[in-house]
Amino acid sequence: TVSFVGIASNGNLVITGKLPSNKGGHHSVIYLFTINGKLIKRAKLEDETSAMFLEGDRVVLGGTTGSLEIRDTDYINIKHKLRLKTGVVAIAKDPRNQHLFVTTTDGKLLILTPTAKPFSKGKK
C-alpha cells in the first residue's frame, strides 16, 4: 500500500508504503525510483510513515510512533534522526530553511532549528 509519493529536485521519485510481513502484519518501506521507473534503492523503515515533506535533495519522514528522519534523495540515506514522544501528524519548513515545523498527535507544534542546514548543501 502506498502512503506518500513525491518528486525530488533531482527527478527521483520517493515513495513510502507498507508491505506484508512474513510474520503477519506489515512493515514500512521507502523506495527511490528514477523518473523512468527504475528502482534505485529500497529501505525498511522502523516506523509507519504518517507525514512526508520533500524539499530539494532532502526528504523528511515523520512516523506514527514519533520517528523523524531526514534522508537524502540520491540513495535515501539517513542524514539526521530524532525520536519524539508522540506520533507525527504534519511537517513543514519556513521559506528561509531555518526552521522545521512538526505537529504531533498530542496537539503540539514543535519548531526545530537545526544546527546544520539539512535542507540544502550550502545553497540559498
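How many bridges join strand E3 to strand E4, and in which sense do the two strands run? In this predicted model, where residues are numbered from 1 along each chain as its sequence is written, local features need pLDDT of at least 70 and side-chain atom pairs count only at pLDDT 80 or more, while totals for chains, interfaces and linings use all residues. Side-chain values use heavy atoms, with hydrogens and water left out. Strand E3 (residues 26-33) and strand E4 (residues 39-45) are joined by 6 bridges and run antiparallel; strands here (E, at least two residues) and helices (H or I, at least four) are DSSP runs numbered from the N terminus, and two strands pair if DSSP finds at least two bridges between them. One bridge partnership in this pair links Leu32 to Lys41 in E4. The two strands form a hairpin with 5 residues between them, and Gly37 in the turn has a positive phi of about 95 degrees.

The chain as a whole has 0 helices and 11 strands, so that its elements, read from the N terminus on, run β-β-β-β-β-β-β-β-β-β-β. Its C-alpha atoms fill a box of roughly 40 × 35 × 15 Å along the principal axes. The radius of gyration, taken over C-alpha atoms, is 14 Å, which agrees with the value near 14 Å that a compact globule of 124 residues would have; the globule rule behind this value is 2.2 Å times the number of residues to the power 0.38. Among contacts (heavy atoms within 4.5 Å) between residues at least 6 apart in sequence, 30% join residues at least 24 apart.

Further along the chain, 3 strands form an open sheet in the order E9-E10-E11, with antiparallel pairing. E9 and strand E11 (109-112) are the edge strands, each pairing on one side only, and neighbouring strands of this sheet are turned by 20 degrees against each other on average, direction ignored; the axes are lines fitted to C-alpha atoms, for helices over the stretch in contact, and angles run from 0 to 180 degrees between N-to-C directions. E9 and E10 pair over 5 bridges, and Leu100 in E10 is the bridge partner of Lys93.

Leu100 also belongs to the largest nonpolar core, whose 10 residues are Ala51, Phe53, Val60, Leu68, Ile70, Leu84, Val88, Ile91, Leu100 and Val102. Such a core is a set of buried Ala, Val, Leu, Ile, Met, Phe, Trp, Tyr and Cys residues joined through side-chain atoms within 4.5 Å, where buried means under 20% relative accessible area, exposed over 50% and partly exposed in between (1.4 Å probe, protein chains only). Strand E5 (49-55), E7, E9 and E10 each supply at least two residues of this core. A second, separate core of 9 residues includes Val14, Leu32, Ala43 and Leu61, and Leu32 is the residue whose bridge partner in E4 is Lys41. Of the 124 residues, 40% count as buried.

Two loop residues deserve a look for their backbone angles. Most residues other than glycine have a negative phi. Ile76, in the loop between strand E7 (67-72) and strand E8 (78-83), has a positive phi near 50 degrees and is buried, with a relative accessible area of 1%. Asn97, in the loop between strand E9 (88-93) and strand E10 (100-104), has a positive phi near 60 degrees and, at 16% relative accessibility, counts as buried.
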